[in-house]
Amino acid sequence: MIRHPDGSEAPPLPETRFAELDAAALGLEHGRISFMEAGEGPEAVLLMHGIGSNSTGWRFVLPALARRARVVAWNAPGYWLSADFAAEAPAATDYARAAVALLDALGIGRAHVVGSSFGSMVGAVMAAEHPARVGRLALLGASRGQRWKPEAERVRMLAMRAESVAEGGMALARKRWSNLVAPGTPEVVADWVRGSLAATHAKGLMRSARASDATDTLDFAPRIRAPTLVLVGSEDRVNPPEVSRALAGAIPGAVLAMQPGIGHQAKLEAPADTVARLERHLF
């Protein structure tokens, strides 16, 4: 049993499981998508990870929410053991379609969606484009994507992404982990963050980065009808609080909540507080 400094406990992660999707219809190189799953019940929750993460980043949230619902933590196309998109620059809507296809494969008609960072962007797009499939929505360290930024900043961001992963996941973990957490984060938490980053594949990350570059989540926000929680750490340097504030203001009825002293990885930095907030919102 893993114990967090805040007292949270997590059992060993579930086995990685696989579903077969229609590769040709979804634009995938092949049809395999991987995920972790726990819990059962009439309600379902889909957990969607960030651009340098995967299903292991939900090690505390997944089992906690599984006490109340069937919980699926996907590995987006190009992550963990999921097939990549065939195109080098898939759209955010392509990731959302893949998520809906996973729900179809698992026999889930409607799920609450919890997205972290890049996963929040995909979750918001999914809620706007496929409203019947999303119950409630929670966006952690919410991303607007990059299209709203000046061209020079977008070019710099894509170059930074490419450089950071050019030497593989281990180098990515070594170079980027400290940007994702608040100063003073305990070393055990840093290890979990580095572990998720280390599993990242360059091809999958760069496809996600290009999807983010072409997206502004505010384009989709006004069409979201799912009750939405936007949760952000006061020390988030990746997607600072003003990004979450703009998104919450654009999503009808959304609630914005701040986690003091927390960075971009609330699900690992402060799992007890994050789980409590999610449970109140989702159930």
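## Cavity, pocket, sheet and helix packing

The lining of the largest cavity has four nonpolar, five polar and one charged residues by class, where Ala, Val, Leu, Ile, Met, Phe, Trp, Tyr, Cys and Pro count as nonpolar, Asp, Glu, Lys and Arg as charged, and the others, Gly among them, as polar. The model is predicted, with local features needing pLDDT of at least 70 and side-chain atom pairs counting only at pLDDT 80 or more, while totals for chains, interfaces and linings use all residues. Residues are numbered from 1 along each chain as its sequence is written, and side-chain values use heavy atoms, without hydrogens and water.

One cavity of 30 Å³ or more is present, and among the residues that line the largest cavity are Leu-140, Asp-236, Gln-259 and His-264. Strand E9 supplies three residues, the largest share of this lining. On a 1 Å grid over the protein atoms alone, a 1.4 Å probe fits in a cavity but cannot get out, a pocket is an open set of points with protein on both sides within 12 Å along at least five of seven lines, and lining residues have an atom within 4 Å of a point.

| Space | Volume (filled by probe spheres set on grid points joined across faces, edges and corners) | Lining by class |
|---|---|---|
| Largest cavity | about 40 Å³ | four nonpolar, five polar and one charged residues |
| Largest pocket | about 540 Å³ | 13 nonpolar, 15 polar and eight charged residues |

Of the 36 residues lining the largest pocket, Ile-51, Ser-117, Arg-161, Leu-180 and Val-238 are the closest to its centre. Helix H5 (151–165) gives seven residues, the largest share of that lining, and helices H6 (169–176), H7 (187–198), H8 (202–213) and H10 (266–269) are also among those that each supply at least two.

Eight strands form an open sheet of mixed pairing in the order E3-E4-E6-E5-E7-E8-E9-E10, two strands being paired if DSSP finds at least two bridges between them. Strand E3 (17–20) and strand E10 (255–259) are the edge strands, each pairing on one side only. E3 runs antiparallel to strand E4 (residues 32–38), to which four bridges join E3, and Glu-20 stands opposite Arg-32 in E4.

The axes (lines fitted to C-alpha atoms over the stretch in contact, with angles from 0 to 180 degrees between N-to-C directions) of helix H3 (residues 92–105) and helix H4 (residues 118–129) come within 8 Å and cross at roughly 75 degrees. This crossing makes H3 roughly perpendicular (65 to 115 degrees) to H4. The contact (heavy atoms within 4.5 Å) includes Tyr-95, Ala-99 and Leu-103 of H3, and Phe-118, Val-122 and Glu-129 of H4. Helices (H or I, at least four residues) and strands (E, at least two) are DSSP runs numbered from the N terminus.

Technical notes. Parallel < 35°, antiparallel > 145°, perpendicular 65-115°, else oblique.
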